[in-house]
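User: Please take a close look at one part of this model and its surroundings. I would like a single connected account that starts from one residue and works outward.

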Amino acid sequence: MSYKQTLLLLCLFTVNIVFAQKPKPVAVIFDTDIAGDYDDVGAMALLHAFADKGEAKILATISSNAFETTAPTISVINTYFGRPEIPIGITKKDKPNKDCAQQWAQAIIAKYPHNIKSNTQAIEAVSLYRKILATQPDTSVTIISVGFFTNLADLLASPADKYSKLSGIQLVKKKVKKLVSMAAGIGPDGKTFSEYNVNVDAASSQKVFSNWPTPVILSGFEIGEKILTGITLINNQSIQNSPVKDAFKIALTKDKNTVGRNSWDETAVLTAIRGPKPYFSYRKLNMHIKDDGTDLVIPGERFLYLQFVRQPDEIAKAIESLMMHLPNKKP
Ligand SMILES: [Ca+2]
């Protein structure tokens with residue numbers, strides 16, 4: 001064998017190893033209440049950072065919040081990261097409707113380009129879920145939920161349609177690999193908690209917690225609560241003209257917050273794409289959602305519930321580094 005042939009074989013061998021070792025990107029549908037809090041913005045920044053690194057493929061971005069800024073906000077962030085074509089869905093119900101008190105959403109919508117100018121231009125959430133799921137390989141889709149369970153409950157209850165002959169619950173069972181959600185919490189009594197994402201639309205939360213047919217990973221309130229991010233981001237002078245930075249700067253300033261925002265939603269994205277390790281482990285438990293949205297830990301092993309392995313400060317650094325990711329491509 002000549003030197004050139006040896007070199008060629010070596011190259012092919014190396015290429016094979018590289019391709020063999022590269023895992024497939026996690027196919028994600030992202031469901032958010034983006035407006036009432038801005039950890040959703042951080043979570044979307046992580047998701048796009050993972051997409052740029054080849055670790056995630058974003059199939060759809062969907063709002064569970066009827067407030068007027070949500071679909072345009074999602075469009076701003078998708079466009080900033082060079083993915084204006086990602087389908088955007090929204091619940092067409094009147095509620096939940098939770099506003100953006102700090103006005104960061106209105107500010108980034110006014111400043112940055114976006115395709116979806118109002119919620120009326122976004123696709124109805126359940127239709128979009130069904131359309132996307134129907135075309136995906138079996139057990140391939142990861143759903144990340146960092147808002148209310150409105151859309152997921154409606155999806156489970158949906159009948160056959162033009163996209164699929166399957167009922168909603170059959171479609172989820174066939175196509176979804178796992179649900180990763182920032183939701184619920186365990187309080188000082190070790191049993192109960194009332195968490196916002198669960199209690200805003202308690203009836204929908206009850207349906208999802210009782211009936212969801214795939215593995216579920218929960219990042220409870222007490223996880224993201226201890227992981228503070230945003231201060232390094234807003235002081236990073238190398239980041240300019242970023243709606244992610246602007247949202248955090250406006251909101252942290254209005255809140256007079258000098259220590260950073262709790263990273264609830266970012267923990268769900270981090271875990272969904274990279275798995276719990278090395279920052280978290282989990283224990284198995286089951287939860288019942290009461291009529292008022294309070295959760296109650298009950299016997300069973302339906303949910304994988306995150307717990308800390310590493311210190312919150314170390315996890316915050318990892319998350320904030322991803323939040324400061326600059327887009328690979330400009331739209
Ligand atoms: Ca949220």
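Analyst: In this predicted model, Asp37 counts as buried because its relative accessible area is 14%, under the 20% limit. Asp37 sits in the loop that runs between strand 1 and helix 2. Its side chain forms a polar contact of 2.8 Å with the side chain of Arg261. Leaving aside residues up to four places away in sequence, Asp37 touches Trp104, Arg261 and Trp264. Along the chain, Asp37 and Phe308 are 271 residues apart, and their C-alpha atoms are separated by 23 Å.

Asp37 also belongs to the wall of a pocket. The second largest pocket holds about 170 Å³ of space. It is lined by 13 residues, and those closest to its centre are Asp37, Glu195, Tyr196, Asn197 and Trp264. Trp264 is thus named both here and among the contacts of Asp37. Helix 2, helix 8 (196-199) and helix 13 (264-274) each give at least two residues to this lining. By class, the lining of the second largest pocket divides into 5 nonpolar, 2 polar and 6 charged residues.

The loop that holds Asp37 also holds Asp33, a ligand of the calcium ion. The calcium ion is coordinated by OD atoms of Asp33, Asp40 and Asp265 and by the O atom of Val146, with Asp40 listed twice, at 2.3 to 2.6 Å. In sequence, the spacing of these donor residues is D-x6-D-x105-V-x118-D. Asp33 and Val146 link distant parts of the chain, 113 residues apart: Asp33 is in the loop between strand 1 (26-32) and helix 2 (39-52), and Val146 is in the loop between strand 5 (141-145) and helix 6 (150-156). Asp33 is buried, with a relative accessible area of 3%, and Val146 is buried at 0%.

Strand 1, which precedes the Asp37 loop, contributes to another opening. The largest pocket holds about 270 Å³ of space. Its lining has 13 residues, with Lys24, Pro25, Val26, Ala27 and Ser140 nearest its centre. Strand 1, strand 2 (56-63) and strand 6 (176-182) each supply at least two of the lining residues. The lining of the largest pocket has 5 nonpolar, 4 polar and 4 charged residues.

Strand 1 and helix 2 also meet helix 3. In helix 3 (residues 70-80), 11 of its 11 residues are buried. They run from Thr70, Ala71, Pro72 and Thr73 through Ile74, Ser75, Val76 and Ile77 to Asn78, Thr79 and Tyr80. These buried residues pack against strand 1, helix 2, strand 2, strand 3 (88-90), helix 4 (104-111) and helix 12 (243-254). After helix 3 comes Gly82, which has a positive phi, near 80°.

Tyr80 leads to an enclosed space. The model has 2 cavities of 30 Å³ or more. The second largest cavity, with about 30 Å³ of space, is lined by Tyr80, Phe81, Leu233, Ile239, Ser242, Val244, Met323, Met324, His325 and Leu326. Its lining residues divide into 8 nonpolar, 2 polar and no charged.

The largest cavity holds about 40 Å³ of space. Phe149, Leu179, Ser181, Val208, Phe209, Trp212, Val216, Leu218 and Phe303 line it. Strand 6, helix 9 (202-211) and strand 8 (216-219) each supply at least two of these residues. The lining of the largest cavity has 8 nonpolar residues, 1 polar residue and no charged residues. Strand 6 thus lines both the largest cavity and the largest pocket.

A last site lies beyond helix 6, the helix on one side of the Val146 loop. Ser158 is placed in the loop between helix 6 and helix 7 (168-175), and it is buried, at 7% relative accessibility. Its side chain makes a polar contact of 2.9 Å with the side chain of Arg130. A polar atom of the Ser158 side chain also lies 2.6 Å from the backbone oxygen of Leu155. Not counting residues up to four places away in sequence, Ser158 touches Val126, Arg130, Ser167 and Gly168.

Definitions and conventions: Residues are numbered from 1 along each chain as its sequence is written. This is a predicted model: local features need pLDDT of at least 70, side-chain atom pairs count only at pLDDT 80 or more; totals for chains, interfaces and linings use all residues. Side-chain values use heavy atoms; hydrogens and water are left out. Donors are N, O and S atoms within 2.8 Å of the metal (3.2 Å for Na, K and Ca); water is not among the atoms, so sites may look incomplete. Helices (H or I, at least four residues) and strands (E, at least two) are DSSP runs, numbered from the N terminus. Buried means under 20% relative accessible area, exposed over 50%, partly exposed in between (1.4 Å probe, protein chains only). On a 1 Å grid over the protein atoms alone, a cavity is a set of points where a 1.4 Å probe fits but cannot get out, and a pocket is an open set with protein on both sides within 12 Å along at least five of seven lines; lining residues have an atom within 4 Å of a point. Grid points are joined across faces, edges and corners, and a volume is the space filled by probe spheres set on the points. Ala, Val, Leu, Ile, Met, Phe, Trp, Tyr, Cys and Pro count as nonpolar, Asp, Glu, Lys and Arg as charged, and the others, Gly among them, as polar. A polar contact is a pair of N or O atoms within 3.5 Å; within protein, one must be able to donate a hydrogen and the other to accept it, and residues adjacent in sequence count only if both atoms are side-chain atoms. Contact means heavy atoms within 4.5 Å.
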